[in-house]
Amino acid sequence: MTDAIQSMLNEHRTFPPADNAAAHIPSMQAYRDLRQRFDEDMEGTWGQLAKEHLIWKTPFLRVLNAEKAPFFRWFEDGEMNISENCLDRHVDAGLGERTAIIWEGEPGDVRRISYRELLADVCRAANALKKLGVEYGDRVVIYMPMIPEAAVAMLACARIGATHSVVFGAFSAQALRERVEDAGAKIIITADGGWRRGEVHALKPSVDEALLQGCSSIRHVLVVRRGGNDVEMQAGRDIEWHEALAVQQDQCEAVSCPSEHPLLILYTSGSTGKPKGIVHTSAGYLLWARLTMQWVFDFHPESDVFWCTADIGWITGHTYSVYGPLACGGTTLMYEGVPTHPDPGRLWKICSDHSVTIFYTAPTAIRALIRAGDEWPKAHDLSSLRVLGTVGEPINPEAWMWYHKVIGKERCPIVDTWWQTETGGHMISPLPFATPTKPGSATKPLPGIFTEVVDGDGKTMMPDQGGLLVITKPWPSMLRGIWGDDARYVETYWKKFDGRYYFAGDGARCDTDGYFWIMGRVDDVLNVAGHRLGTMEIESALVSHKAVAEAAVVGRPDEIKGESICAFVVLKQEANNDLKAELKAHVAKEIGPIAKPDDIRFADNLPKTRSGKIMRRLLRDIAAGRDIQQDMSTLEDHRVIEQLQS
């Protein structure tokens, strides 16, 4: 992006951090001191932190092996077990009665599970898996709703050295089959169904369909009874979860796993071709999950109730619903259903009912809740909240301000986190009681993370010039490859800069204060008459208008300009004949005439996956008038497509 234009959507508001002397990182000076430790001795600092924060069965002697870069290896001669680090260590420390998981089902049923109870359940599940023939190194696919048994299954796999691959429960049978076959899984753990929008969403039938299509490696299917819907059970293959666990002992020794043993495979969509099986290993991943819980969320396990709203089918749910909070010995909250059932106040009611102190959700969810109206959060006591977070995409400044004022009451710091499935944990983020924040900016890289904005040749860009976001040094929680495809790993993440940098695939700019502004995926950057424009900037300009609740911007082919700008807009009010022209003029004022949308289409909603992400590739097909080529198996509401095409 060598011709990237300087952003004209300038955000000048800055909010100082609140004072908190008890914070893990209580000031910018403390942040700078920690960064300096990494600058002066990166490997030594990582090694010291790994010794302090993890328990080891065999201590490591070597911190980083870069001999076969970009296939980096961390703490490779050490051995540990993630399940033991998340459970046994806390029970052994006398914290067995502390609540590990608070779970609320969509119908309103609640379970509170202590560390002692969770450890016992994990041991029973681990023994059941071993009974079914799962051995060290085998792969287990987990295809479940957001229920505690999903976390139990993950930890049970980790306990016996099996590699888990969680598949989002809303994915189709075909998507499930592709992932099972690529991983060569031996077992699928699923449920009859789970609750969504007041109805049971069946899961087991999708497993049956996937197995009819292929999946020859599968030996057994474990089925949790949750939804109460009728399912077929194939004799000899399908086994009731609760029956299998009931006959197992509640003790199971945690196996000793090398630090580089694969903990998980998590599939993420590629721009072309089949999904990529991102591999994360054990020690480095858990170390960063634990550290970022402390640094980014200022998590104090003795007093905080942490709620990450992401499903465990995504990396956010892995790191910040399960492994991060439990590695710290704290309380994590899980919720089964959708944010708006039975009404748009559901999230705020849960925060109030369970005294949530740290709340972490996606900008998409925030914008939807803004649209529902302020009366919903105002109806609930949110005084327990002390830190708010956002994840998944850049948050537009106006949504940030609503979050700050209406939810945080102008007292809760907001941590706008940038990271990826591939990075394992946060990379760029404010520290809640140290970093002055700017609405819409992820601010500065975390200690130990080295980032730059560069042009296509790898040359560092000047302040406020857009470019490509790269990470210049390895870090412990980085992906270790793509399952079964080393060449694709190198091609996707390292080839662009000849192995010098990890290329994140995102565009960004860094301002004069060293704050990073994420412009979105590089394929979401438009080339309009020779100018590079981030779709995020245009969307932010649209949403800053009082009439707009949500917006998505895509490009479409244009014979003259190369690409023209098409905006899909959800309004807070009824549309009128003058509003399109008014919005175009508003964008031109906020950014410049070059960013003015050529086409604006109004809709009641935007096409989103069931996890809440806007399906921009689908919007590109609609904008260009093409037949839709995208897989729509994860689309939340197919009626949206008919409205947008009309």
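Visitor: What makes strand 4 and strand 5 a hairpin, and which glycine sits in the turn?
Guide: Five residues stand between the two strands of the hairpin. The turn holds Gly-108, with a positive phi of about 110 degrees. This is a predicted model, where local features need pLDDT of at least 70 and side-chain atom pairs pLDDT 80 or more, while totals for chains, interfaces and linings use all residues. Residues are numbered from 1 along each chain as its sequence is written, and side-chain values use heavy atoms, without hydrogens or water.

Visitor: How do you know that strand 4 and strand 5 pair?
Guide: Count the bridges. Pairing takes at least two bridges found by DSSP. Strands 4 and 5 have five, in the antiparallel sense, so they qualify. Within strand 5, Arg-112 is the bridge partner of Ile-102.

Visitor: What joins strand 4 to strand 17?
Guide: Four bridges, with the strands running parallel. That meets the minimum of two, so this is a pair as well. Here Trp-103 stands opposite Met-334 of strand 17. Strands themselves are DSSP runs of E, at least two residues long; helices are runs of H or I, at least four; both are numbered from the N terminus.

Visitor: Why is strand 4 called mostly covered?
Guide: Five of the six residues in 99–104 are buried. Buried means under 20% relative accessible area; exposed means over 50%, and partly exposed is in between (1.4 Å probe, protein chains only).

Visitor: What makes helix 3 mostly covered?
Guide: In residues 82–92, 10 of 11 are buried. Charged residues are on that list, including Glu-84, Asp-88 and Arg-89.

Visitor: How do you know that Asn-81 caps helix 3?
Guide: Its side-chain oxygen lies 2.9 Å from the backbone nitrogen of Ser-83, at the N-terminal end. A polar contact is a pair of N or O atoms within 3.5 Å; within protein, one must be able to donate a hydrogen and the other to accept it, and residues adjacent in sequence count only if both atoms are side-chain atoms. The distance of 2.9 Å is within that limit. After helix 3 comes Gly-94, with a positive phi near 90 degrees.

Visitor: Why is the contact of Glu-149 with Arg-111 called a salt bridge?
Guide: The term needs a side-chain nitrogen of Lys or Arg within 4 Å of a carboxyl oxygen of Asp or Glu. The closest N and O atoms here are 3.2 Å apart, so the pair passes. Glu-149 is in helix 5 and Arg-111 in strand 5, so the bridge ties together parts 38 residues apart in sequence. Glu-149, at 10% relative accessible area, is buried. Arg-111, at 31%, is partly exposed.

Visitor: What makes Asp-250 and Arg-124 a salt bridge?
Guide: The N to O distance is 3.9 Å, which is still within 4 Å. The pair links distant parts of the chain, 126 residues apart: Asp-250 is in the loop between helix 8 and strand 13, Arg-124 in helix 4. Both count as partly exposed, Asp-250 at 39% and Arg-124 at 24%.

Visitor: How many residues apart in helix 6 are Arg-177 and Glu-181?
Guide: Four, so about one helical turn separates them. An α-helix has 3.6 residues a turn, so residues three or four places apart point the same way. Arg-177 and Glu-181 form a salt bridge at 3.0 Å. Arg-177 is buried at 18%, whereas Glu-181 is partly exposed at 37%.

Visitor: How many salt bridges does a search of the whole structure find?
Guide: The total is 36. Arg-62, Glu-67, Arg-73 and Glu-76 are linked in a network of them.
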